[in-house]
Protein chains: 2
Amino acid sequence: MGATIRDVARAASVGLGTVSRVLNNSPLVSQATRQRVLDVIAELNYTPSRIARNFALGKTLTVATIAPFFTRPSVIERLRGIEATLAGHGYNLVVFNIETPERRESCLHDVPRADRCDGVLIISLAPRGDEVEALLVTGLPVVLIDASVSELPGISIDDVAAGELATRYLLDLGHRRIGFIGDSHEYTATFNFTSSWDRHQGFRHMLRTTAIHPRPEYERFGVYGRFEARVLAREMLQLPEPPTAIFAASDTQALGVLEATRDLGIEVPAMLSIIGFDDIDAAEYLGLTTVRQPLFESGARGAELVLSLIAGATPEPATERLPVEIVVRRSTAPPAKAQS
Amino acid sequence: MGATIRDVARAASVGLGTVSRVLNNSPLVSQATRQRVLDVIAELNYTPSRIARNFALGKTLTVATIAPFFTRPSVIERLRGIEATLAGHGYNLVVFNIETPERRESCLHDVPRADRCDGVLIISLAPRGDEVEALLVTGLPVVLIDASVSELPGISIDDVAAGELATRYLLDLGHRRIGFIGDSHEYTATFNFTSSWDRHQGFRHMLRTTAIHPRPEYERFGVYGRFEARVLAREMLQLPEPPTAIFAASDTQALGVLEATRDLGIEVPAMLSIIGFDDIDAAEYLGLTTVRQPLFESGARGAELVLSLIAGATPEPATERLPVEIVVRRSTAPPAKAQS
DNA sequence: CTGTTAGCGCTTTCAA
DNA sequence: TTGAAAGCGCTAACAG
């Protein structure tokens with residue numbers, strides 16, 4: 001509780017600096033002295049003060065993570081990855097949960113400051129032009145996870161390509177009437193989430209490539225969440241000519257679609273194929289076919305990246321792409337009968 | 001980036017202390033001086049260094065939270081509550097995710113130290129005798145959330161009573177063959193989780209009170225999780241004389257039971273009533289009857305408590321009990337036919 | 001009301 | 001190899 005480096009120095013009859021040196025494993029200490037100091041340290045049950053150390057070093061040994069909606073399984077999984085690697089390097093993880101646009105602003109503005117943290121991780125939120133500027137000005141290492149911006153380093157997947165992948169999978173199965181359920185523009189714009197939008201781009205592109213006209217009634221957007229998706233899916237499935245397959249921008253939304261089929265007595269995959277995105281635990285559990293992205297790894301990799309930047313690496317503002325893959329389970333199958 | 005309090009003092013031609021005073025809203029500054037300083041601060045775009053401030057104050061402005069298994073919905077909800085109130089008070093939340101007994105040890109040992117944080121919150125883990133001692137010795141404010149120990153302040157519900165409540169509800173519905181699915185002792189002992197155990201105690205007690213003999217085959221325990229619960233439930237439901245109702249120690253486990261009924265073609269609630277615990281989002285969603293406990297509030301309240309202790313309140317080592325209530329939804333009903 | 005000064009506990013030159 | 005000394009930027013106690 002109370003011993004300071006000075007107490008140790010005195011008790012070991014060495015200079016203050018020497019104690020500091022053994023603390024920091026400096027090679028400039030004789031074996032004998034080192035041992036003596038070590039003994040005294042143990043005896044006094046001394047532990048160097050982290051605050052004092054940080055102050056002297058001008059560092060915080062802390063990485064701040066700004067994340068929207070803790071409650072989303074994908075966010076948590078990434079946080080787990082971050083926490084695990086940070087802990088392995090003696091860094092603290094301080095978290096900021098964003099649930100309103102106001103808080104997004106204030107966190108983006110206040111958190112990235114050298115006296116608060118040594119680096120910052122931002123999950124799923126793409127900073128806007130001026131925000132990027134502000135971030136850059138701080139000089140602090142910033143890395144984006146699940147978002148990308150040309151001026152900042154990031155870890156992400158290629159959402160457009162992943163959207164194409166999912167769509168192509170459905171197409172290859174023989175589906176031609178394919179629906180998409182994702183986040184509404186108004187909603188994503190508030191926070192500047194980009195993944196749902198990108199996946200939708202991929203969806204559209206793949207459809208066009210296959211000479212299929214996107215039908216507006218097959219594309220519905222709402223606030224992220226199971227409930228909202230369920231409502232949207234219900235509407236879509238009650239169309240005179242409903243889709244035979246639905247691509248949901250996230251597993252959570254796919255679960256909503258699944259609920260809708262249950263509400264309507266539609267058999268999956270016999271009458272409707274569903275593909276989700278993320279591969280959260282529940283997906284495996286419910287037999288949902290989905291596009292798997294490395295969630296935990298994205299966090300771990302992002303943390304490694306900030307750590308290396310903190311250690312002095314030059315910030316290469318490139319987005320590192322992680323691989324995705326389709327995990328086929330029980331929610332997809334060829335359509336009941338052929339159609340044009 | 002660079003301006004220090006000294007720069008401000010110089011530019012405003014005042015003493016160092018005066019700047020500090022306006023920074024800390026001390027009333028001992030004339031309005032005129034204050035304004036001048038404020039102007040210079042704005043002009044220089046100065047922000048006081050948090051690290052230096054912390055060092056001078058001997059505080060960290062940080063609360064550490066030790067939580068097992070981020071991925072559990074209940075843990076996340078509590079964390080949300082903690083984050084929200086901490087943020088509202090300018091405190092940082094640094095989190096530690098426990099997924100192994102080793103990490104439990106090391107966190108419990110290393111995290112609660114004055115140079116790391118000003119207070120600590122521990123979720124769902126009850127420290128053991130010697131651990132409590134060690135905690136007490138640090139002199140740091142420690143509050144338990146969803147756990148209780150006589151020497152430490154805590155926020156919790158009365159799990160035994162809640163277990164009785166759930167059981168009584170089933171009993172009142174007319175059920176007599178009631179099963180229980182909870183965490184195995186080996187599992188909870190590793191981390192020293194206590195809630196499942198306590199709920200089981202309540203279950204047993206209420207059964208006895210009603211003169212019903214607990215049947216060993218109606219009580220199954222396994223590692224926490226949907227999958228494990230599903231397996232256990234399946235076994236239980238395939239008994240020659242299966243229970244007509246099951247009380248699961250958590251909603252997550254109740255979901256597993258629900259899956260089991262689906263596997264077996266058992267109708268809920270016609271053939272089997274299910275009651276869960278926690279009232280996580282999915283419960284409402286799936287129409288699961290459950291015992292609701294204030295998750296978010298427990299975090300918020302716990303955070304308020306540490307904050308008050310940090311502010312100097314005397315640590316009253318009492319467990320504050322939060323209320324629980326049964327939320328009746330579609331997974332419970334009277335048994336199909338009367339039985340003794 | 002306000003300026004000055006003495007640390008907080010550690011790291012890091014700089015000499016020896 | 002080692003000791004001594006100079007801060008890191010801020011707060012708080014002490015004179016004015």
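1. In this predicted model, a good place to start is a single pair of residues in chain A: A:Phe277 has A:Val291, in strand E10(A), as its bridge partner. The pairing extends beyond these residues, for strand E9 (residues 273-278) and strand E10 (residues 289-292) of chain A run in the parallel sense and are joined over 4 bridges. In general, the strands of a sheet pair through backbone hydrogen bonds, and they may do so in a parallel or an antiparallel way.

2. Strands E9 and E10 belong to an open sheet of 6 strands in chain A, with the order E7-E6-E8-E9-E10-E12 and with mixed pairing. At the edges stand strand E7 (219-222) and strand E12 (325-327) of chain A, and because each has a single partner strand, one side of each is left without a neighbour in the sheet. On average, and ignoring direction, neighbouring strands of this sheet are turned by 20° against each other.

3. Two helices of chain A should be looked at together with this sheet. Helix H8 (residues 159-173) of chain A lies across strand E6 (178-183), strand E8 (245-248), E9, E10 and E12 of chain A, and it runs at about 160° to E9(A). Helix H12 (residues 251-264) of chain A also packs on the sheet, where it touches E6, E8, E9 and E10 of chain A, and its direction makes about 155° with that of E9(A).

4. How are the two protein copies, chain A and chain B, related? A turn of 180°, with a shift of 0.0 Å along the axis, lays chain A on chain B with an RMSD of 0.1 Å, and the two copies are therefore related as by a two-fold rotation axis. Among the residues of chain A, A:Val94 comes closest to that axis, with its C-alpha at 2.1 Å.

5. The contact between the copies involves 26 residues of chain A and 26 residues of chain B. On the side of chain A that touches chain B, the elements giving two or more residues are H4, helix H5 (73-88) and strand E2 (92-98) of chain A, and by class this side has 11 nonpolar, 8 polar and 7 charged residues. Since 100% of the interface residues of chain A are also interface residues in chain B, the copies meet through the same surface.

6. The DNA strands can be taken in turn, beginning with strand D. Around DNA strand D there are 25 residues, of which A:Gly15, A:Gly17, A:Thr33, B:Ile5 and B:Ala52 are the closest. Helix H2 (16-23) and helix H4 (50-57) of chain A, together with helix H2 (16-23) and helix H4 (50-57) of chain B, each give two or more residues to this surface, and the largest share, 5 residues, comes from H4(B). By class, the surface near DNA strand D has 14 nonpolar, 10 polar and 1 charged residues.

7. DNA strand C is surrounded by 26 residues, and those that come nearest are A:Ile5, A:Gly17, A:Ala52, B:Gly15 and B:Gly17. At least two residues of the surface near DNA strand C are supplied by each of H2 and H4 of chain A and H2 and H4 of chain B. This surface near DNA strand C has, by class, 14 nonpolar, 10 polar and 2 charged residues.

8. A last point concerns B:His109, which is found in helix H6 (residues 101-110) of chain B. Is B:His109 buried or exposed? B:His109 is exposed, because 12 other C-beta atoms lie within 10 Å, and a residue with 12 or fewer counts as exposed. The C-alpha atoms of B:His109 and B:Ala134 are separated by 7.8 Å, although these residues are 25 residues apart along the chain.

Note on methods. Residues are numbered from 1 along each chain as its sequence is written. Chains are lettered from A and ligands numbered from 1 in the order in which they are written. This is a predicted model: local features need pLDDT of at least 70, side-chain atom pairs count only at pLDDT 80 or more; totals for chains, interfaces and linings use all residues. A residue is near a molecule or strand if its C-beta atom, placed from the backbone, lies within 6 Å of it. Ala, Val, Leu, Ile, Met, Phe, Trp, Tyr, Cys and Pro count as nonpolar, Asp, Glu, Lys and Arg as charged, and the others, Gly among them, as polar. Two residues are in contact if their C-beta atoms, placed from the backbone, lie within 7 Å. Two strands pair if DSSP finds at least two bridges between them. Axes are lines fitted to C-alpha atoms, for helices over the stretch in contact, and angles run from 0 to 180 degrees between N-to-C directions. Copies are superposed by least squares on the C-alpha atoms of residues with pLDDT of at least 70 in both. A residue is buried if 20 or more other C-beta atoms lie within 10 Å of its own, exposed if 12 or fewer, and partly exposed in between; C-beta atoms are placed from the backbone.
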